[in-house]
Structures are given as structure tokens and as C-alpha cells.
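Biologist: Hello! Could you walk me through this structure as a newcomer?

Modeller: Gladly, let us look at it together.

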Amino acid sequence: MFNILNKMNITKTIKETKEIIKRAKSKGLSTGFVPTMGALHKGHLELIRKAKNENDFVSCSIFVNPIQFNNKEDLKKYPRPIEDDIKKLEELACDLVFIPSVEEMYPEPDTTIYNFGNLEKVMEGKHRPGHFNGVAVVVKKLFDIVEPGRSYFGEKDFQQLAIIKALVKKLKMPVEIVPCPTIREKDGLAMSSRNRRLTADEREIAPVIYMALKDVSKLASGKNVKEVKDYYFQQLGKYPQMKIEYFEISNIEDLSPVEKFEKEKKSIACTAVFLGKVRLIDNVIINL
Ligand code: AMP
């Protein structure tokens, strides 16, 4: 069961996952963990690669977590190419992939409510009620099962990363959270499992989001926050297919809104944009 013939362990139950992890730990191996919802792309695979470089035993989970979806249609349409995903993980010599069912993770509804204060009230939290509570519930459950020494999260979901760091701090969990840079397509579009739902026309204009964000980070040295925000809305406004849900410039530490750019305080520009029916998020750090 444990890496026989260097084959990847594929588990579906909490019990067998815990057993394999326990055996790895009893051999003194360091453990890395990458939670995902599958439909793996190069962004996810970079997280696995980094985890493999930094740990002896790497686990990945694939679980489309229903309680973090506030939109039923999005949950239903979420891609689930499980065979492809397994192949990609095998190619990277991932040691274990945990693919639980909804019943395995939630034998009964989980009623835990976390309070992340302002962190969960802005941006994604404001527009996707319950989303971060659902993320925190599932990540806590997964950490309890896998008990990783390190866990890897992408900066593409910057607010999620902040929530996970806060969760770990709040519950004093002995896991190091490792942030990983956003991986992009050649034309700048941030890789996302949702990109495959874009039509050819939508895919062609999608890089405009990152182009405008990059301009924003440059403009921040000479313009004020309002001017920079106006610029972003103007750029995306040229494309009727794009609907900006939010564009915020926030303090990089606590994600509170920034009213004035200051050299000493790093900020981050974050956005969510509907391109047709597909909701895309992206961000860029503003370093004056
Ligand atoms: P998801 O499957 O969308 O829940 O993502 C699983 C993990 O992969 C999260 O930590 C994401 O932030 C990370 N991730 C997703 N897309 C990218 C990307 N383009 N670059 C870096 N990390 C990413």
C-alpha cells in the first residue's frame, strides 16, 4: 500500500489516507500537502513540484468542496477530469492523492462558523457569502487528516491564502503555509480550472485583465488611487463581454482598503471579472 513499486497511492477514505501518512511519518519523512479541487493545470503542478523539492513525501487532495460554492451552477459545471489529473500527478511522482466523496468528508453537515473579521468581509468574502467559511472548514478537515508539515497555496487566490494563514494561527496548527507565485499562460492570463469554460472569443480577450493590472502597478507611482481605479475600469470597459464585479486596492497585510499609496506600505490590486458566464480573479502586488 505504501509506495509499492513507486506507484502513487490513490485513496478515497480518511482511514486509509491517515494510515499511509502515519507510515510515512514513522519513517521520519517530512510531509508536504497541496489541496486542490482538481482539473489540474500548470499552476497546480508548480505547487506539487515545489512541495516535492521541499519534502520527502507529498500528498495532494482533489475534492470539489460543495460548501464553498455560493453558486449552484458553478458547482455543477466545475470540471472533473479525474483520470487526467491522476496521470499528471503520477508524472510528477506525487506520493499520495486523496480523492474523497462528499459523504466521506461530510457524513453530516458541518456547522462550524469561523470569524475572520475584516479579512472575510471584503472582495471575495463580500461577493461570495459563506465561501471562506467553506474553505476554512474543508482545509481544517484536510489538515487534520493529512497532518502536513508544510502546505502549499497559490497567490492567485491571495485572499484565500490570507484566510488560511489566519486559520492556522487561530487554531495554532503546526503546519507551515507556503505561498506560491501565480502561474500564467504565455499571454499573461492567470491559469485557472475555469479558463477551459471560456469561449474562443472570450479566451482571446481574457489577457486584458492582467495587462490592465500590470499597468495599474506601474501607474501607482505617479497617480492616486482614484485615478488608477478609473484607468482599470476604462480599460476593461472597452470590452462589453467583461463585467467587473470588484476592483480593490488593499493593504497587503490585512486586505483593508487603501486610500493613498504609501512607499512604506505594500498594497495589492485584486479583481474579479465576469467574462461571459465565467468568473475570473487575478491580482498584482503594488510595490512603489
Ligand atoms: P483550486 O483547485 O482552484 O482550489 O486551487 C488549488 C490551489 O492551487 C490553490 O492554492 C490555488 O491558489 C492554487 N492555484 C490555482 N491556480 C493557480 C495559478 N495559476 N498559479 C498558482 N497557483 C494556483
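Modeller: One term to begin with: a polar contact is a pair of N or O atoms within 3.5 Å. Please keep in mind that this is a predicted model.

Biologist: Thanks! Which residue has a backbone N or O atom 2.8 Å from a nitrogen atom of the ligand?

Modeller: The pair we want has a nitrogen atom on the ligand side and a backbone N or O atom on the protein side. Its separation of 2.8 Å falls under the cut-off of within 3.5 Å for a polar contact. The residue is M191.

Biologist: And which residue brings a polar side-chain atom to an oxygen atom of the ligand?

Modeller: Two contacts to ligand oxygen can be set side by side here. In one, a polar backbone atom of G154 is 2.9 Å from an oxygen atom of the ligand. In the other, the protein atom belongs to a side chain and lies 2.6 Å from an oxygen atom of the ligand, and its residue is D157.

Biologist: How much of the ligand's accessible area does the protein cover?

Modeller: On its own, the ligand has 490 Å² of accessible area. In the model, 17 residues surround the ligand, with M37, H44, D157, I183 and M191 the closest. The protein's cover comes to 93%.

Biologist: Which element gives the most residues to the shell around the ligand?

Modeller: By kind, the shell residues divide into eight nonpolar, seven polar and two charged. Strand 2, helix 2 and strand 5 are the elements that give two or more residues each. With three residues, the top contributor is helix 2.

Biologist: Now the sheets. Why do strand 1 and strand 6 each have one side without a neighbour in the sheet?

Modeller: The six strands form an open sheet with parallel pairing, in the order 1-4-3-2-5-6. Strand 1 (9-11) and strand 6 (176-180) each have a single partner strand, so one side of each is left free, because they stand at the edges.

Biologist: Which residue of strand 4 stands opposite T11?

Modeller: Strand 1 pairs with strand 4 (residues 96-98) in the parallel sense, over three bridges. Across from T11, in strand 4, stands F98.

Biologist: At what angle does helix 2 run to strand 5?

Modeller: Helix 2 (residues 42-54) packs on the six-stranded sheet. There, helix 2 touches strand 2, strand 3, strand 5 (150-154) and strand 6. Its direction and that of strand 5 make an angle of about 155°.

Biologist: In the other sheet, what is the bridge partner of I249?

Modeller: That open sheet has three strands in the order 7-8-9, paired antiparallel. Strand 7 (242-251) is at an edge, and nine bridges join strand 7 to strand 8 (residues 267-275). The partner of I249 in strand 8 is A269.

Biologist: Last one: which helix packs on that sheet?

Modeller: We want a helix that touches strand 7, strand 8 and strand 9. Its direction makes about 20° with that of strand 9, and its residues are 208-219. This is helix 10.

Methods
Residues are numbered from 1 along each chain as its sequence is written. This is a predicted model: local features need pLDDT of at least 70, side-chain atom pairs count only at pLDDT 80 or more; totals for chains, interfaces and linings use all residues. Side-chain values use heavy atoms; hydrogens and water are left out. Two strands pair if DSSP finds at least two bridges between them. Helices (H or I, at least four residues) and strands (E, at least two) are DSSP runs, numbered from the N terminus. Contact means heavy atoms within 4.5 Å. Axes are lines fitted to C-alpha atoms, for helices over the stretch in contact, and angles run from 0 to 180 degrees between N-to-C directions. A residue is near a molecule or strand if one of its heavy atoms lies within 4 Å of it. A polar contact is a pair of N or O atoms within 3.5 Å; within protein, one must be able to donate a hydrogen and the other to accept it, and residues adjacent in sequence count only if both atoms are side-chain atoms. Accessible areas come from the Shrake-Rupley method with a 1.4 Å probe; for residues, only the protein chains shown count as cover. Ala, Val, Leu, Ile, Met, Phe, Trp, Tyr, Cys and Pro count as nonpolar, Asp, Glu, Lys and Arg as charged, and the others, Gly among them, as polar.
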